[in-house]
Each structure stands twice: as structure tokens, then as C-alpha cells.
Amino acid sequence: MSEPTSTQQTPRRGVSARDVIQRVIAPESTTWNTVLIVALAFFTALVLSAIFIVGSDPNVIQAPDLPTGLNVAWLDISGAYGGLLSGALGNPSTFLSKVGSGNAKTVASAFYPLSETLVAAAPLVFTGLSVALGFRAGLFNIGGEGQVIAGGLAAGFVGFSLHGLTGFVELPLALLAGFVAGAFWGFVPGLLKSRTGAHEVITTIMLNYVAIYLTYYFLSTKVFQRPGRSDPISKIVDSAASLPSLEGVNLRVHAGVILAVLVAIAVYFLLWRTTLGFEFRAVGANPDASRAAGIGVGRVVVLAMSLAGGLAGLAGANIILGVNYSVSPGFSSSLGFDGITVALLGRGNPAGVVAAALLFGGLRAGAVQMQAATSTPVDLVQVIEALVIMFVAAPTLVREIYHIRAQRGVGAPAVSTGWGS
Amino acid sequence: MVEPGEVHVLLGENGAGKSTLMNILYGLYHPDEGEILVNGKPVKFDSPSDAIAMGIGMVHQHFMLIPVFTVAENVTLGLELTRPLGFLDRRRARKEVDQLGREFGLPVDPDALVETLSVGAQQRVEIVKALYRRAGVLILDEPTAVLTPQETDELLGVMGSLKRAGRSLVFITHKLKEAMQVADRITVLRGGRVVGSTLPGESTEAELAAMMVGRAIRLGVDRPPSKPGAVVLDVEGLTVRNAHGQVAVDDLSFQVRAGEIVTVAGVQGNGQTELIRAIMGLDQVSSGRITAAGRDVTTSSPRETLASGVGHVPEDRVRDGLVGDLSVAENLVLDMYYMPPFARGPMLQPDEIQRSALQRIKEYDIRTPSPQTSVGTLSGGNQQRVIVAREFSRPVSLMIAAQPTRGLDVGSIEYIHERIVQLRDQGDAVLIVSSDLDEVFALGDRIAVMFQGRMEGPFESDAYTREQVGLMMAGSSLEAAPAKGGGDSA
């Protein structure tokens, strides 16, 4: 015997990615406790970001006296966060009068910020679900970016190739193409992992690059490139293949939002109501016990990666068919990576993912308004997002700051204790 | 209270508070109330170093050694002997460690790397480490749980010589025999309270067991003689290689019949694990044939083997038996979730899973707040009951259980043993792998011993004494351990 064997537990050999994942999604606390922590994390992030806002305004430092400086600082902060809020949800002071005006366009303009929030949130729901599904199966899908691109390229291709059919045929086909292409981009790392043990973090990252540079290649081919253009941009998606939006008003919100909610519900059912979902969760939490209980672990890995890829592919399809209507480089705008953030904040739970995507969607929609209204750069939102995640990842810190009593066994430092007794 | 030069045994089931109490003594936990007296003076320990300074040493259940360091380095760790300029004085360290070992009859090689030592030798290093820190009171937390019967005897001998040298020992265990063997005084804990204190001559094992559990306990299992039927498990010339390509199971052949229990004794790491994994389809078979429940399962997948009527209680319940983060209810159907009534097509039937869980929890007396509780939060005994409930309630004709009661308390052991005998009496074939001799003899209708991938037996349970089987576990061949004359019972 070469290592000290214990009678009651397998010796722990360091912390694996799987342990980290399980800590994120472990059923560690009640829903309300989680919501409270996230809310406080968000609040703390806003407070800290306020320091950046003030610091980035030279007028504060150059103010002649302290009261003036404080006043300028307050104006900066309230302006920025006010802009953020009205950009995300709407301006409360003009909202009612606009809605009451009776004019369709004016009414619609009251809902413009909300529409923007939903448009930004929809693809985040898909990529968030993609990463969350991977988490549940014990897989770290870093390849969302590549899968989004693959999905967008395929959906775009089907979208601009089809003509003259009804939306009931073209749109589902285009969406399906996006799903299948994304699924293939997930299937490959899944297969490599189950057959050779290649870690999915490495392979998915590499496939991201493949997808990014394939985009440039495809967009330079006759099949993809829009006639008469020399820059890399594709032909325009047929209107029958686009995700429908509201007629006659200047709102970008489209049917992809509804699709995102439906898919979130479907993922919930898959995970908790089907035998396949049971296998995902079992393998994700303990592949050894799953194998001993007769579950085909390799098959589950391949299926979970494929489904995760397909979900991210739908995010790409959603962007191309609902917002951009053509493919151009960079359309994925790091949605795949943001999916990781959303899944972490949503605790790997479909409902949580939808909520987190709405939060981030709102921040992004609001950021544009914030920059327009004040001189605060859009990038501040990225800082806020990062801080929120940091605080959510360190719930003990948040509990310390606000003196929240931890639940039994929650938030304690990750000291490994035995299972026995 | 511990007198100088005495062995004080703390006896109690898992969760009785033995380890918690000792961790308080060692300064790892802090008492909410009450005080600790050392040599008549109240002391307060904020950390283990305070405890060490007061002469309290602890040998943990899970060794606190650095595998890639030598014995001498491990022993002197934290108190390194240095020469001027801070260079380590290795020679003196080696000498002192060697001397200390000789003095107390604890042979250790100061230059050996800890990772190359057997478990028993590592434990000796732990003891030397505590002595090196001038421990007057030595706390041993379940030290025999990881040892072979021979190593256990050696350890009990060492405890004797330490006692004679005037050191006090606190020996934590839930094994009655060991307690009776070495104790000068026995204190029994239950539910965090002292329920009794006695001298070994004054109580019988049965009385101690009753004190520990709080009710009368039957030691050993009542079982009528077996009525072996047809061969259910037939292993022929089985060879299995481990992950490093070494032969772990070496050309093994044996049979298990319906209505009998065959127990396989052996120190861990002699191929029992690989044998079971090969039968279950979890490891590849290099050569040979396995027939289980009338089917050739040599190359079957785990699911095929399970479905052909084989139940499996894995050796490592945390790793292979349960998915800790899933609920009790889900773990109770871990290998049945896909079949009716728990699933209809691709859809799970949560109501059925819940209904069956409530029934199993009641039937197998699983102590859990609810079926939705994560199984990982249950105690070891209850976790094992979940596995037993799952496997024993499936229709099987062959039950394979590896270390079915390891680390469990007396009450759970009694319960699981009764269930296993019940299974046999229903006409199932049962194969048990255990490194606990008590269990091997309590359950086995026939007994086999595995050593370095090979098997002696199985032979009738009364063919050899416990001592002979113990020797075989340590590698003595049958010639060295001659069969008992007359075959009287062990």
C-alpha cells in the first residue's frame, strides 16, 4: 500500500474542476437565501463601481472645495445609475404619459428600454442554459463562443438560402440548422472526452478559434458573401426565416425572447423530469457511482456536450435571425463567455439563468443610455458584472459585510470533512 | 479522567461524540462549557500547539504525514533540529528517531519515505511523532480501523509497552474485543454523554454493546445451516490487470451457490477490489470466464450485469455507491430509474420514485429528514442503509457486497448482517468481501482468503481458526497454517 488509505472515504486528491462546479450548483441553500445574496452582491458592486465613476471624473478632484466636490460626485453617480435604470426599464417620469398618449408609436417608445433589455437577455439565456446544462453533467463548456458562431453561421446560411417558403417552414429549418451546427461543435469535444479523456476545457477553447477563423473564410466565399461587397458580410436572411417582431413600431424585441423562455422550461423538464436528465445529474455529481449503477458515462458526456452546444447554437441563430439578419465577424460578441457568468449567477438552474440573463441584459441595455446621458463609459457595466460575480462567488464575504447568519454548513470555507459518522 | 500509565478506552458508536471530545482535548474545537484539567490545573487550548505543549499527543484516524518526506523528516517536522546557519541536522534527527522507536518497541526506518510504508508502519510513525513531542497523554483515534489483525495485535502490544513506560493512553474505538483486551478502564459514550464507566473485568462484551447502543444487541448472527443449491456465480481462471498493467487477480476460480454465503477475507489491496469490479463489468477481464445468474457476464457492461439479477454493494460507498449531491429518493433508484414503474419511456415518474422512497426509508429504517435530503449529508451508517435498501429490494439471484459494514456502528452492523442472512435464506447466492475477521466468520458459510491476487479456498467455515485465517491474510500459505484437527468450530 503506497498511500494512507482511510476506511471511510477516498482520499481527496486536490480540487478538480468538477469540485468547483459542484460547489456552484450544490443545493446549498434555500432559494430566498440565494436571491438575497445575489441582491446584496449586486448592491455592493454598485457601491464599489460608484467609486470608479467618481474617480473617472476630473471635475470631482478639481472642485474648489469639498461640498462642491461631493455635489459633483453625487451628480455623477445619480446620473450614471439613473441613466442605467431608465435605459434598462424605462423612465418612470415619462412612462405613464407616453403610455397614456394613445399614439402607437409613442406608447411603443415607452417600452423601448424594456425591449432592448429583452433583446440583450435572450441570447444570454441560451448560452447561460448551455453552460448550466454542462455544469449539471459535470462539464465545463468554455466553447459557447464557438458554438454560438457555428449556430449563427448555419442559421444564417439556411436563412439566406431559402426563398419563397412560408415562415412556418423556413424559420424552424433555420433554427434547427443553428441548433445542429452548435450541437456538432459540442459533440466533437464530448466525443474526444469520452473516447480519449481529452479535457473539454482545452478542446472547446480550441474549437472557439476554429469557429472564429472559419467565419472569416466563409464570409469570403461566393456562397456567403453579399454580392457587391468586399468586406466580410453575408447575404441577408430571408424575411420568412427571420424571427418575427412587432409590426409598425420601432422596437427590436422579437420572437426569440419567447423561444428563450420556452427552451429554459424545456431544459428544466429535461433535467428533472426525464431519465436522460437524471443521468446527466448523476454523472455530473459522481461519475464513478453512476458507472457502477450501470449508466453509460461516455454516452452521457457526448449527449450533454452536444445538447449544450445546440443551446449555444440557438443563441447564434437568435442573433442572426432576430437582430442582425446577416452574418458578420464578431457577431457573437463574447456571448459564449457571458454564458458562463450567467450560469454561475443562475446557480446552474434554468430559472436562475433566466433571471441572471435579464439582469445582465438590463445592465447592457442600460449602459448605452448611461453613456449617452452622462460621460460614464459603457465599460463600467462590465466592471459591475465582474464585481457581482466576485461577490456571489464569495458568499461568505457578503454575509460578513451584512451580518447575515449562515445556514448550517453553508458558506463555510471548503474544509473537507469525512462522510462517515 | 486519565491516570498516568493507564489505558483508558473510550467506547461509542459513530456519532457518539468520541472524536469531538478528543478534538476538544487536542485544541481543534473549543468547548462551549466546562473545563479541562491537566495535572490538576485547568487549561485552555486554543490550538493543537497548546495541547502539544501540555504533553497531549494525537494519532488521527487519517494520518497527518507528508508522503514524500522520510520518516525522520516527518517526525521532526515543525521541530527541525538545525545546525548553525539554519542547516538541518539530519544525522541527529535520524538518530533520535531511531532511538525513540527502539525505546518503545516501535521499529521504524528513519530513512524510509513515508509513501513506501504500509499502513501499520505509517501509524507507528505517527506514534513516534507524538512521542517525539514529549506527549505524556497519547490519544489514538480509531487506530485499528485500518490495520490487519496482525498489525492490530502489534499495536496493542505497543500500547502495553507505552503504558509500562508511564505514558497515559486514550484509545478510541467501537470494537469491543480490543477494548476488553487492553483497557484499564472503559468509558462508554452515547449521544454525546457518558453513559457508563467500567473496568474490563466487570462487564461482558454484551453489556458494553448494550450500553453503547442503548438496547440489547446480539453479537454475531443467528443463522441456520445453509442449504446450498445450484451454482449461481461461477468464476473460472479469472485474471484481471489493474490500471498499471500489473496482475491484480491471478487465475482465480471459485463458485458461489444459491442459498449460501461465501466470504472472502483479505487485507485491502490484495485483488478483492479488482475481482468484484471485474464481476460487475467495471474493469476489463484479461482472461477467464465469469458466469453469473446463468449468463456469461465476462464482457457485459455494468448495466447488463446488474439487470441479469446481480446486486452490488460497492466497497467505497461514497465513491461508487452513492451520488452524494442527489437526494435519498434519487439514490434509491440509481440503478433502476430507467425502468417501470420509475420511468415511463423517457419520462421519470417522480410520484413513483417518492412513494417507493418513503417505503424503503421505513422498511430499512433510514434516518433522513426527508426523501429529498442530499444523501451526502447522512451519516455513514444511513448512507450504507440507502445502498442496501436499493440493492436488496431489487429482484436478484446473486448479491455481491464489499466491506458491507466498514466504519459502521454496532447497530447498523447487526442490521445489515441480519439482512444478508435473510437474503441467503430466501435462496440467493451471496458473495461478501471483507477485511474484518469478525464479519468473515459471522457471515460465511464458506470462507476464502485472498492474498496478492490469489485465493485460498473457499473452505467450510469451521475448517480453520480465526488465527489461521489471519495468518493466511498476511500471506502464510496453508502449510504454515495447518488445518485444525477435527474441524471443531472457531
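Which residue in strand 17 of chain B stands opposite B:Val310? That's B:Leu398. Before going further, a word on the ground rules. This is a predicted model, in which local features need pLDDT of at least 70 and side-chain atom pairs count only at pLDDT 80 or more, while totals for chains, interfaces and linings use all residues. Residues are numbered from 1 along each chain as its sequence is written, and chains are lettered from A and ligands numbered from 1 in the order in which they are written.

**Chain A**

Chain A has 18 helices and zero strands; helices (H or I, at least four residues) and strands (E, at least two) are DSSP runs, numbered from the N terminus. Of its 421 residues, 48% are buried, and a residue counts as buried if 20 or more other C-beta atoms, placed from the backbone, lie within 10 Å of its own.

Helix 7 (residues 112-136) and helix 15 (residues 335-345) of chain A pack at about 65°, their axes 7 Å apart. Here axes are lines fitted to C-alpha atoms, for helices over the stretch in contact, and angles run from 0 to 180 degrees between N-to-C directions. Residues touching across this pair include A:Leu124 and A:Phe135 of helix 7 of chain A and A:Ile340 of helix 15 of chain A, where contact asks for C-beta atoms, placed from the backbone, within 7 Å.

**One sheet in chain B**

Back to where we started: strand 14 belongs to an open sheet of six strands in chain B, with the order 14-17-18-11-19-20 and mixed pairing. Two strands pair if DSSP finds at least two bridges between them. Strand 14 and strand 20 (454-460) of chain B are at the edges with a single partner strand each, so one side of each has no neighbour in the sheet. From one strand to the next, the twist averages 15°.

In strand 14 (residues 310-313) of chain B, B:Val310 and B:His312 point one way while B:Gly311 and B:Val313 point the other, and all are buried.

**The other sheet in chain B**

Chain B also has an open sheet of six strands in the order 4-5-6-1-7-8, again with mixed pairing. Strand 4 (56-59) and strand 8 (193-198) of chain B are the edge strands; each has a single partner, so one side of each is without a neighbour in the sheet. The twist here averages 20° from one strand to the next. Helix 6 (residues 149-164) of chain B lies across strands 1, 5 and 6 of chain B, at about 150° to strand 6.

Here are some parallel pairs in chain B.

| Strand | Partner | Bridges |
|---|---|---|
| Strand 1 (residues 7-12) of chain B | Strand 6 (residues 168-173) of chain B | five bridges |
| Strand 14 of chain B | Strand 17 (residues 398-402) of chain B | four bridges |
| Strand 11 (residues 261-265) of chain B | Strand 19 (residues 446-451) of chain B | four bridges |

**A loop residue and the core**

B:Tyr26 sits in the loop between helix 1 (18-25) and strand 2 (36-38) of chain B. Why is B:Tyr26 counted as buried? Because B:Tyr26 has 20 C-beta neighbours inside 10 Å. Beyond four places in sequence, the contacts of B:Tyr26 include B:Pro48 and B:Ile139.

B:Ile139 is also among the residues with the most contacts inside the largest nonpolar core, which has 252 residues. Such a core is a set of buried Ala, Val, Leu, Ile, Met, Phe, Trp, Tyr and Cys residues joined through C-beta atoms within 7 Å. Helix 14 (residues 297-324) of chain A gives the largest share of this core, 16 residues.

How values were computed
Buried ≥ 20, exposed ≤ 12 C-beta atoms within 10 Å, placed from the backbone. Contact = placed C-beta atoms within 7 Å.
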